[in-house]
Amino acid sequence: MTDSLLRHFRLSSHPFGRDASRAAVHRHRGFAEALERLRYTLEIHAMAALIAEPGCGKSLLLGELADELQKQRVVVHYFAHATVGPFGLINVLARKAGVAPSRSRAETALALSQALLDDERTHVLVLDEVHRMPDPTLEDVRLLTIADFDRKSPFGLVLAGHPELDDRLAEPHHHALDQRITTVARLAPLALDETRDYVRLRLDAAGAKSQPVFDEEAIDAVDPPRERRRLAPPRPRSRPRGPCRARVRCGLGLSTRERRRRPSPPRPALRGRVGTTPRPPRAPTARARTRARSRTAARPAAPRASRRGRDPGRPQHVATRDRAGHGRLRRAERIPASR
């Protein structure tokens, strides 16, 4: 199917493939500006961040930057499996640098940092999909950039991710990493005229040679104007957005101000569980009280030995149990003193 389409349109390759040649890279204004920001940051051996929405050319820009750096004899380490833990990331970076990992994460990190500092070449670490990276892993990445009393860094660092990365860096426990980022480069979606230039560039690089393949209406349908996208109604979601009913009832899905205004629901008393309020015993019925009195009258209590400091002739409280098994205290008759 693909070969027949290529022969029909007289194309030499797929115009919108992932492995595009350098002639097919659309260097629009935002692309060139973001690339220049990353170049400047790595020249001063600082830390940079690249933020873009999916499909805006983030990985393509990182590939162009890596090709330029490798021509300057800079060693580029690219890693996109961002969901690993701290120990897994340090082991991967150590193997990329030619260091054998050890069982201790601290020893592996120390050996990796020392090996990169001793190397005369410049090393650059490019981490993609950082918005999915766990917090401990992201904190270890920051700690790896510290060497010689924080006067130098073993490698340059580029963090790339989706716009969620802004929210991650704004969290209080990532403030130390956020203040180390020198430059933030962003890629915005293409405008309508930039989309037309992108389609023509890709078709020309694939061998179309200015022959018409798409109509202007088709390009307008692919990328509607910004005003139309801004006024478009929101797309419905398959699942309702927001906290579930149980979280709302507990106050977990509300803001801090709403939780303060919302009265806390009463906690029910549970029985048979540790750490809960026990249920008070039920009052004995009239039949149970009658049986308790009859048993007490049939078998009077034996005289008890007087304790020190207690009057033996004083009325005592005797514990009895009714039919339901609940204990209660009753005031017994005066117990005669033992002789």
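Let me begin with a definition: two residues are in contact when they have heavy atoms within 4.5 Å of each other. With that in hand, here is the chain as a whole: among contacts between residues at least 6 apart in sequence, 67% join residues at least 24 apart. What we are looking at is a predicted model, in which local features need pLDDT of at least 70 and side-chain atom pairs count only at pLDDT 80 or more, while totals for chains, interfaces and linings use all residues. Residues are numbered from 1 along each chain as its sequence is written, and side-chain values use heavy atoms, with hydrogens and water left out.

The protein chain holds 14 helices and seven strands, where helices (H or I, at least four residues) and strands (E, at least two) are DSSP runs numbered from the N terminus. Of its 339 residues, 29% are buried; buried here means under 20% relative accessible area, exposed means over 50%, and partly exposed lies in between, using a 1.4 Å probe and protein chains only.

Let me turn to helix 5, which runs over residues 105-118. Its 14 residues reach 20 Å from the first C-alpha to the last, close to the 20 Å expected at 1.5 Å a residue, the expected span being 1.5 Å times one less than the number of residues. Which residues of helix 5 are buried? They are T108, A109, L112, S113 and L116. These buried residues cover an arc of only 130° around the axis, which puts them on the same side of helix 5; the arc is that of the directions from the helix axis to the C-beta atoms. As background, an α-helix has 3.6 residues a turn, so residues three or four places apart point the same way. On the face turned away from the buried side, helix 5 carries the exposed residues A106, E107, L110 and D118. The buried residues, for their part, pack against helix 4 (86-96), strand 3 (122-127) and helix 6 (135-144).

Helix 4 can be described in a similar manner. Its buried residues are P86, L89, I90, N91, L93 and A94, and what covers them includes strand 2 (74-79), helix 5, strand 3 and helix 6. Just after helix 4, G98 takes a positive phi of about 85°. Within helix 4 I would pick out L93, which is buried, with a relative accessible area of 7%. Leaving aside neighbours within four places in sequence, L93 is in contact with L112, L125 and L144, and its C-alpha lies 9.6 Å from that of T108, a residue 15 places away in sequence.

L93 also takes part in lining the largest cavity, together with H77, A97, L112, L116, L125 and F155. A cavity, on a 1 Å grid over the protein atoms alone, is a set of points where a 1.4 Å probe fits but cannot get out, and lining residues have an atom within 4 Å of a point. How many cavities of 30 Å³ or more does a search of the whole structure find? The search finds one, and the volume of the largest cavity is about 70 Å³, where grid points are joined across faces, edges and corners and the volume is the space filled by probe spheres set on the points. By class, this lining has six nonpolar, one polar and no charged residues; Ala, Val, Leu, Ile, Met, Phe, Trp, Tyr, Cys and Pro count as nonpolar, Asp, Glu, Lys and Arg as charged, and the others, Gly among them, as polar.

Next comes strand 4, residues 156-161, where G161 lies and where A160 is found too. G161 is buried, with a relative accessible area of 0%, and A160 is buried, also with a value of 0%. A160 and A49 are 111 residues apart in sequence, but their C-alpha atoms are 5.7 Å apart in space; for G161 and A49 the figures are 112 residues and 8.1 Å. Not counting residues up to four places away, A160 touches L50, K58, L62, L127, D128, E129, V130 and L165, while the contacts of G161 include I51, A52 and H131.

One of those partners of A160, E129, brings me to the backbone. Most residues other than glycine have a negative phi. E129, however, has a positive phi of about 60° although it is not a glycine; E129 is in the loop between strand 3 and helix 6 and, at 25% relative accessibility, counts as partly exposed. H45 likewise has a positive phi, near 55°, and sits in the loop between helix 2 (29-43) and strand 1 (47-52), where, at 58% relative accessibility, H45 counts as exposed.

Terms used
1 Å grid on protein atoms, 1.4 Å probe; cavity = no way out; pocket = protein on both sides within 12 Å on 5 of 7 lines; lining within 4 Å.
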